Amino acid sequence: MRVLLIGANGYLGRFVADRLLADPAVQLTALGRGDDSDVRFDLASGSPGALTRFLDAVHPGVVINCAGATRGGARELTRHNTVAVATICEALRRSGCGARLVQLGCGAEYGPSQPGSSTAEDAVPRPGGPYGVSKLAATELVLGSGLDAVVLRVFSPAGPGTPAGSPLGRLAEAMRRAMQAGDGELKLGGLGVQRDFIDVRDVARAVHAASLSAAQGVVNIGAGRAVRLRDAAAILARVAGYGGALHELDQGGLRQSIGHPRTESDHGSPAAYPYPDGCGSWQQADVRTARDRLGWRPRINLEESLADIWMEAACRI
């Protein structure tokens with residue numbers, strides 16, 4: 001199977017590439033903006049015609065798009081997340097290769113969810129920020145393209161390679177600094193949100209499975225379990241061996257110990273600071289479609305993902 005992977009050098013793309021390269025039946029070609037790509041091409045500025053000519057020359061059976069931007073203004077996000085996907089869809093429609101398209105979407109397309117609920121693929125998307133809007137627009141382009149295509153809505157990826165600027169990356173960096181300075185107390189804010197964390201290697205497995213399947217439409221990729229960020233901080237402290245006290249700054253500036261017993265009243269309490277994905281205080285994926293249509297289940301637990309995040313943070317100078 002000849003696969004064209006777009007965005008192989010990104011956070012998720014690197015693990016998708018590793019997964020595909022481990023399959024002896026896959027012949028992989030990487031397309032991207034970097035010098036180490038097999039083919040250099042900027043989807044945000046390149047023409048569909050140029051991409052069509054390349055598709056006709058390579059004739060892939062599957063095109064996987066892991067490219068995109070998570071930060072920036074609305075215009076930049078639209079260029080890299082929406083216009084780029086429009087270019088891919090138009091090129092595939094013009095090409096004679098007949099390739100299947102696997103597009104990586106995100107849980108931010110859904111927007112805020114009711115605390116305690118699981119979000120299924122038939123939920124009405126209400127993205128809470130420009131990133132989710134740009135990714136939802138890309139999903140709609142794919143679904144309306146008439147192509148053989150599937151969109152994997154990835155919830156909150158974690159594990160090795162997690163960006164230092166992400167919520168879990170910032171937690172690890174704050175803990176590293178505290179341990180380096182010998183601080184016996186770490187004060188953290190905005191940990192009330194609950195997210196469905198899924199390891200990047202499990203995401204790569206899902207992409208591989210989707211490329212081999214006949215599934216179309218939208219498929220959620222998550223662990224199927226929401227975890228409070230303050231609980232993730234407590235797990236991170238344990239795997240890091242941090243013996244100091246963890247305190248969370250609430251909205252009033254008061255502190256409470258992380259890992260305190262939960263009560264019904266704080267089950268859906270809002271975060272002290274906005275979580276960057278625009279999804280409010282709660283998000284949890286319904287992953288039954290991935291199980292039924294892709295034969296996929298998550299394998300790596302959050303503790304292992306956090307241990308890998310910590311290992312990378314601890315090695316920073």
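Helices and strands here are DSSP runs, numbered from the N terminus. The model is predicted. Work through each exercise before reading its solution.

**Exercise 1. Place Arg71, then decide whether it is buried or exposed.**

Step 1. Find the element. Arg71 sits in the loop between strand 4 and helix 3.

Step 2. Apply the cut-off. Exposed means over 50% relative accessible area. Arg71 has 51%, so Arg71 is exposed.

Step 3. List its partners, leaving out residues up to four places away in sequence. Arg71 touches Glu76, Leu77, Gly165 and Ser166.

Step 4. Look for a polar partner. The Arg71 side chain reaches the backbone oxygen of Gly165 at 3.5 Å.

Step 5. Set sequence beside space. Arg71 and Arg100 are 29 residues apart in sequence. Their C-alpha atoms are 28 Å apart.

**Exercise 2. Find which residues lie nearest the centre of the largest pocket, and sort its lining by type.**

Step 1. Start with the space. The largest pocket holds about 1300 Å³. Rolling a probe the size of a water molecule over the atoms shows where empty space is left.

Step 2. Go to the lining. It has 50 residues. Tyr11, Gly68, Ala69, Thr70 and Tyr131 lie nearest the centre.

Step 3. Sort by type. The lining splits into 25 nonpolar, 19 polar and 6 charged residues.

Step 4. Trace the elements. Helix 1 (11-21), helix 3 (74-94), helix 4 (130-143) and helix 5 (167-181) each supply at least two lining residues. Strand 2 (27-32), strand 5 (100-106) and strand 7 (156-158) each do so too.

**Exercise 3. Describe the largest nonpolar core and name the helix that gives the most to it.**

Step 1. Recall the general trend. In soluble globular proteins, nonpolar side chains tend to be buried together.

Step 2. Count and name. The largest nonpolar core has 33 residues. Those with the most contacts inside it are Val16, Ile64, Val102, Leu152, Val207, Ile221 and Leu294.

Step 3. Find the suppliers. Among the elements with at least two residues in this core are strand 1 (2-6), strand 4 (62-65), strand 6 (149-154) and strand 11 (217-221). Helix 8 (288-294) is another. Helix 6 gives the most, with 7 residues.

Step 4. Zoom in on Val16. Leave aside its neighbours within four places in sequence. Val16 is then in contact with Leu5, Ile64, Cys66, Ala204 and Val207.

Step 5. Check for another core. A second, separate core has 29 residues, including Phe41, Val63, Leu92 and Ala138.

**Exercise 4. Take Leu92 and decide whether it is buried or exposed.**

Step 1. Place the residue. Leu92 is in helix 3.

Step 2. Apply the cut-off. Buried means under 20% relative accessible area. Leu92 has 5%, so Leu92 counts as buried.

Step 3. List the contacts beyond four places in sequence. Leu92 touches Leu55, Val63, Cys97, Ala99, Leu101 and Leu147.

Step 4. Pick a distant pair. Leu92 and Gly10 are 82 residues apart along the chain. Their C-alpha atoms are separated by 22 Å.

**Exercise 5. Classify Gln284, Arg230 and His59 by accessibility.**

Step 1. Take Gln284. This residue lies in the loop between strand 14 (255-257) and helix 8. Its relative accessibility is 12%, so Gln284 counts as buried.

Step 2. See what surrounds Gln284. Skip the neighbours within four places in sequence. Its contacts include Ser117, Thr119, Phe155, Asp196 and Arg225. A polar atom of the Gln284 side chain lies 2.8 Å from the backbone nitrogen of Ala226.

Step 3. Take Arg230. This residue is in helix 7 (residues 229-240). Its relative accessible area is 5%, so Arg230 is buried. Arg230 and Ser305 are 75 residues apart in sequence and 16 Å apart in space, C-alpha to C-alpha.

Step 4. Take His59. The residue lies in the loop between helix 2 (48-58) and strand 4. At 44% relative accessibility, His59 is partly exposed. Check the backbone too: His59 has a positive phi of about 55°, although it is not a glycine.

**Exercise 6. Locate Gly128 and name the residues it touches.**

Step 1. Gly128 lies in the loop between strand 5 and helix 4.

Step 2. Leave out residues up to four places away in sequence. Gly128 touches Gly111 and Gly278.

Step 3. Compare with Cys97. Gly128 and Cys97 are 31 residues apart in sequence and 37 Å apart in space, C-alpha to C-alpha.

How values were computed:
Residues are numbered from 1 along each chain as its sequence is written. This is a predicted model: local features need pLDDT of at least 70, side-chain atom pairs count only at pLDDT 80 or more; totals for chains, interfaces and linings use all residues. Side-chain values use heavy atoms; hydrogens and water are left out. On a 1 Å grid over the protein atoms alone, a cavity is a set of points where a 1.4 Å probe fits but cannot get out, and a pocket is an open set with protein on both sides within 12 Å along at least five of seven lines; lining residues have an atom within 4 Å of a point. Grid points are joined across faces, edges and corners, and a volume is the space filled by probe spheres set on the points. Helices (H or I, at least four residues) and strands (E, at least two) are DSSP runs, numbered from the N terminus. Ala, Val, Leu, Ile, Met, Phe, Trp, Tyr, Cys and Pro count as nonpolar, Asp, Glu, Lys and Arg as charged, and the others, Gly among them, as polar. A nonpolar core is a set of buried Ala, Val, Leu, Ile, Met, Phe, Trp, Tyr and Cys residues joined through side-chain atoms within 4.5 Å. Buried means under 20% relative accessible area, exposed over 50%, partly exposed in between (1.4 Å probe, protein chains only). Contact means heavy atoms within 4.5 Å. A polar contact is a pair of N or O atoms within 3.5 Å; within protein, one must be able to donate a hydrogen and the other to accept it, and residues adjacent in sequence count only if both atoms are side-chain atoms.
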